[in-house]
Amino acid sequence: MQMEMMDHLSWVAYEERLRDPNAIVLLPVGALEQHGPHLPLGTDALLAAAVARTVAPGVNGIVAPTINYGYKSQPKCGGGQHFPGTTSLDGATLSALTCDIIAELGRHGVRNVAVVSGHYENQWFLVEGIDLARRRLGPASPMRIMRLEYWDFLAEATLKGVFPDGFPGFALEHAAVIETSMMLHYFPELVGMDKLPPDPLVDFPPYDMYPAHTHWVPSSGVLSSARGATAEKGRLMADDISTRIIAALRNEFMHG
Ligand code: ZN
Ligand code: MN
């Protein structure tokens, strides 16, 4: 069996893997952010890495070490910065870190990179990091980069099955059914289903305030109900996500 974890490979084995021009390096990116009383602070990073590890064997992929910190938590999608443990990066730091890692991969001949994010707020800073890396590598670089948020690969039918009463949307799905079910599937020992908070009532106005109005955010840090989360739903979603990410990677990166 091929080793998937980059940090477990010797340089000799890594160099050997990169001789395959179809080799893909997956870079998981998460956050250290409150996820209610029932999920660990590392949820976004743990899930991004778990998805990357699930996908890797299907594309002969190599999983780079996870970026375990992310951009600042926003009240309407992550609860905000006021929760102890939500330990975040400035946008420029995340962009610079992403740029440095991708440019280093390119320097050693990696042609295909997939940035796998598990934290909503990271998006534009990852885009910036990718853009800066491409500028550093120059127009002659053969590197192609895919950026994705894993939850976007959930099929409509899967979401209907997981949310029979209607889907609240990905922004409010913080520490709720999707993440809790996925954690029950991948890391059951890290989930405290006995600590599930009461269902929150969130009704955010269509604007933001700085400093943040912390009273807009449920004190539990959970933005919609996590009731109904099960390991079985987690397995269904994880299968759906990994199958469809593998298809996208093969489609973009694996030719000939
Ligand atoms: Zn999360
Ligand atoms: Mn997050």
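A salt bridge is a side-chain nitrogen of Lys or Arg within 4 Å of a carboxyl oxygen of Asp or Glu. This report applies that rule, among others, to a predicted model, in which local features need pLDDT of at least 70, side-chain atom pairs count only at pLDDT 80 or more, and totals for chains, interfaces and linings use all residues. Residues are numbered from 1 along each chain as its sequence is written, chains are lettered from A and ligands numbered from 1 in the order in which they are written, and side-chain values use heavy atoms, with hydrogens and water left out.

**Salt bridges**

The count comes to 11 salt bridges. Three of these pairs are tabulated below.

| Pair | N to O distance |
|---|---|
| Lys76 and Asp208 | 3.1 Å |
| Asp199 and Arg227 | 2.4 Å |
| Arg235 and Glu232 | 2.9 Å |

Lys76 belongs to helix α3 and Asp208 to the loop between α7 and α8 (231-253), so this pair ties together parts that are 132 residues apart in sequence. Helices here are DSSP runs (H or I, at least four residues), numbered from the N terminus. Lys76, at 23% relative accessibility, is partly exposed, as is Asp208 at 43%; the class lies between buried (under 20% relative accessible area) and exposed (over 50%), with a 1.4 Å probe and protein chains only. Arg227 is exposed at 57%, whereas Asp199 is partly exposed at 36%. Arg235 and Glu232 both lie in helix α8, 3 residues apart, about one turn of the helix.

**Metal site**

The zinc ion (ligand 1) has as protein donors His35 (NE2), Asp44 (OD) and Glu179 (OE), the last listed twice, at 1.8 to 2.8 Å. Donors are N, O and S atoms within 2.8 Å of the metal (3.2 Å for Na, K and Ca); water is not among the atoms, so sites may look incomplete. The 4 donor atoms subtend angles of 52 to 139°, which makes the arrangement irregular; four donors count as tetrahedral if all angles lie between 85 and 135 degrees, and as square planar if opposite donors are over 155 degrees apart and all others between 65 and 115. Asp44 also bridges the zinc ion to the manganese ion (ligand 2), the two ions lying 3.4 Å apart. His35 is buried at 0% relative accessibility, and Asp44 is buried at 2%.

Note on methods: Four donors count as tetrahedral if all angles lie between 85 and 135 degrees; four count as square planar and six as octahedral if opposite donors are over 155 degrees apart and all others between 65 and 115; anything else is irregular. Helices (H or I, at least four residues) and strands (E, at least two) are DSSP runs, numbered from the N terminus.
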